[in-house]
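The following exercises ask the reader to describe a structure step by step. Each task is followed by a worked solution.

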Amino acid sequence: MHKTVAMLFAAIVFAAPTLSHAGITLHAAGSTTVLPVVSTAANIWHQQHPHVNITVSGGGSGVGIASMIQGTADIGMASREIDAQEAAKLNGKVDVFTIAKDAVAVVVSKAVYVGGVHQLSLQQIAAIYRGKIKNWREVGGPDAQIFVIDKEASRGTRHVFAEAVLGDAHARAPGAAVISGSNNEEQSLVAHSDSAIGMLSNAWLNDAVRGVAVGQGNAAVLPDIQHVRDGSYPISRSLHVMLAKKGASEARDFVAFLLSPAGQKIVKQSGYLPVR
Amino acid sequence: MLNLWMRASVLIALLAVLLMLGFLFAQSWPYWRAYGVGMLFSGEWYPYERLFGMLPAIIGSFWAALIALVIAVPSAIAAAVLSTELMPGAWRGLLRTGMELLAGIPSVVYGLIGLWVLLPFLQSTLNLLTGHNLLAAGLLLSLMILPTIMVMAQDALHEVQISQREAGLNLGMDWHTRLWRILLPQAWPGIRSGILLALGRALGETMAVMLVVGSMDRIPQPFYNLLVPAQTLTARIGREIGEASFGSMHFSALMACGLLLAMATISISLLANRKHV
């Protein structure tokens with residue numbers, strides 16, 4: 001018995017260094033908007049380079065940037081620009097690469113869309129999030145109380161949306177009824193309601209979660225790739241990955257892959273606008 | 001040798017508790033110094049405006065745990081009485097195994113079940129804008145703490161001496177009298193430990209609550225309105241700790257939430273360990 005335990009112990013002790021030589025594990029964290037691109041690319045990259053493992057986790061752009069500040073991830077993902085405070089903390093330690101562009105769509109439940117709300121002006125959206133407009137009837141929709149979904153403050157989508165609609169990235173939204181986190185959570189909340197409004201990257205739209213055109217009258221613009229490309233959609237943004245300047249060379253190679261034609265193809269397949 | 005080992009373990013356990021409390025206290029100190037204990041009674045939590053009021057989350061944690069107890073305690077005790085006293089042996093084992101299984105399910109699974117089943121149900125039956133609220137959190141928690149209370153209550157009922165039961169029978173007491181006068185009073189210390197242990201879990205549960213409570217840092221209006229999205233201390237930490245950079249005031253305020261929870265849980269455990277009321 002003792003012998004077995006000793007042997008097992010020895011096996012672990014001697015095997016551990018060999019295991020760690022077998023490959024390198026990189027960790028990517030942050031925006032759940034950037035996540036699908038990075039995780040698909042990570043799978044393909046791993047097939048081509050079996051010694052590199054890339055684990056990918058979400059948390060939001062704020063988490064991605066914080067993990068670069070604290071050095072807890074090799075690759076940070078962000079769906080918004082780094083703000084002044086964060087830049088001061090990063091102190092030039094990271095390189096930022098823009099890998100894609102997308103639109104932050106203003107989404108509504110299918111019932112609302114079918115009920116007549118096909119477009120909203122920025123003022124109307126702001127009034128809804130400020131709690132001034134409470135019923136869909138006031139904006140040409142069905143007679144139903146508006147279920148306003150806000151996002152965690154750390155989320156890049158929230159940042160970009162609030163800046164464009166409410167005028168400040170961290171503005172309060174007193175009209176909000178609930179706070180959601182990842183894109184998946186937001187998508188499922190909107191899909192399960194028949195009176196919801198929320199904010200989501202254009203790649204998350206589907207039959208139950210409809211994006212409305214933003215703007216007034218005939219000038220309203222749909223949140224799709226075409227209008228991100230020509231710059232006419234008012235709430236569009238760049239998607240970034242970040243690398244520590246002193247980080248592993250394998251991480252740098254992976255980011256180069258994201259920017260290569262093969263990587264940009266993944267961007268396109270994920271529903272975003274490629275940058276190259 | 002064994003003696004030494006045991007002493008060392010006790011010491012390590014004690015040290016771990018003290019270290020944890022010390023860490024929480026040290027990390028939350030900047031917050032307490034800058035804002036003072038008065039923040040416990042402030043309702044405004046807007047980290048980007050440097051407002052860190054604790055009250056919405058404290059109220060939320062309190063209600064969620066209370067609802068869980070109100071539902072779980074009577075049901076768990078009733079189930080324990082039923083299974084130890086009235087059911088045939090084979091069923092008893094089955095029920096206990098079921099309860100132990102229930103206790104072993106990861107909390108995120110409870111959370112997802114809540115998200116997919118409980119929230120739509122609450123939303124449609126109560127005709128609410130959303131099912132995310134304290135009632136949902138409390139219902140989910142009651143399911144999660146039920147096994148703890150029931151298993152502890154079963155054990156406590158088992159401990160009631162045969163002689164006591166026989167004395168009751170010999171005195172011609174009927175079943176109700178025996179239950180209320182002999183079984184439950186005798187088993188009470190064990191049941192009470194189970195309840196307090198479960199309360200600790202209810203207060204500390206994060207994942208499941210975070211998914212169903214709505215994470216809205218707002219005091220319910222009126223404060224006993226359990227049908228609007230709210231916040232608990234744990235869900236707040238879970239949602240925000242990732243972005244709060246280490247050493248910032250936001251981080252410190254979240255550690256203060258952690259300290260409050262730790263102190264609540266520790267006082268509960270101390271209560272649980274007192275032998276007599």
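**Exercise 1. Describe the overall make-up of chain A.**

Solution. Begin with the secondary structure: chain A holds 11 helices and 12 strands. The model is a predicted one. Next, consider the extent of the chain: along the principal axes, the C-alpha atoms of chain A fill a box of roughly 75 × 45 × 35 Å. Then turn to burial: of the 276 residues in chain A, 47% are buried. Finally, examine the contacts between residues at least 6 apart in the sequence of chain A: 71% of these join residues at least 24 apart.

**Exercise 2. State how chain A is divided into domains, and characterise the contact between them.**

Solution. First, identify the parts: domain 1 of chain A comprises 2-101 + 239-274, and domain 2 comprises 103-229. Second, locate them relative to each other: taken over C-alpha atoms, the centres of domain 1 and domain 2 of chain A are separated by 31 Å. Third, count the residues that meet: 16 residues of domain 1 of chain A are in contact with 15 residues of domain 2 of chain A. Fourth, find the main contributor on the domain 1 side: H3(A) gives the most, with 3 residues. Fifth, sort that side of domain 1 by class: 4 residues are nonpolar, 10 are polar and 2 are charged.

**Exercise 3. Determine which elements of chain A meet chain B.**

Solution. Start with the counts: chain A brings 21 residues to the contact, and chain B brings 17 residues. Next, name the elements of chain A: helix H3 (61-69) and strand S7 (178-180) each supply at least two residues of the side that touches chain B. Of the elements on this side, H3(A) gives the most, with 4 residues. By class, the side of chain A that touches chain B has 8 nonpolar, 10 polar and 3 charged residues.

**Exercise 4. Assess the length of helix H10 of chain B and explain what surrounds its buried residues.**

Solution. First, compare the span with expectation: H10(B), residues 249-273, has 25 residues and reaches 36 Å from its first C-alpha to its last, close to the 36 Å expected at 1.5 Å a residue. Second, list residues that are buried: among them are B:Phe251, B:Leu254, B:Met255, B:Gly258, B:Leu261 and B:Ile268. A run from B:Phe251 through B:Ser252, B:Ala253, B:Leu254, B:Met255, B:Ala256, B:Cys257 and B:Gly258 to B:Leu259 is buried. Third, identify the cover: the buried residues of H10(B) are covered by elements of chain B including helix H1 (2-35), strand S2 (51-52), helix H2 (55-86), helix H7 (175-204) and helix H9 (233-240).

Terms used
Residues numbered from 1 in each chain as written. Chains lettered and ligands numbered in written order. Predicted model: local features only at pLDDT ≥ 70, side-chain atom pairs only at ≥ 80, totals over all residues. Contact = placed C-beta atoms within 7 Å. Nonpolar A, V, L, I, M, F, W, Y, C, P; charged D, E, K, R; others polar. Domains from an automatic or database assignment. Expected span 1.5 Å × (residues − 1). Buried ≥ 20, exposed ≤ 12 C-beta atoms within 10 Å, placed from the backbone.
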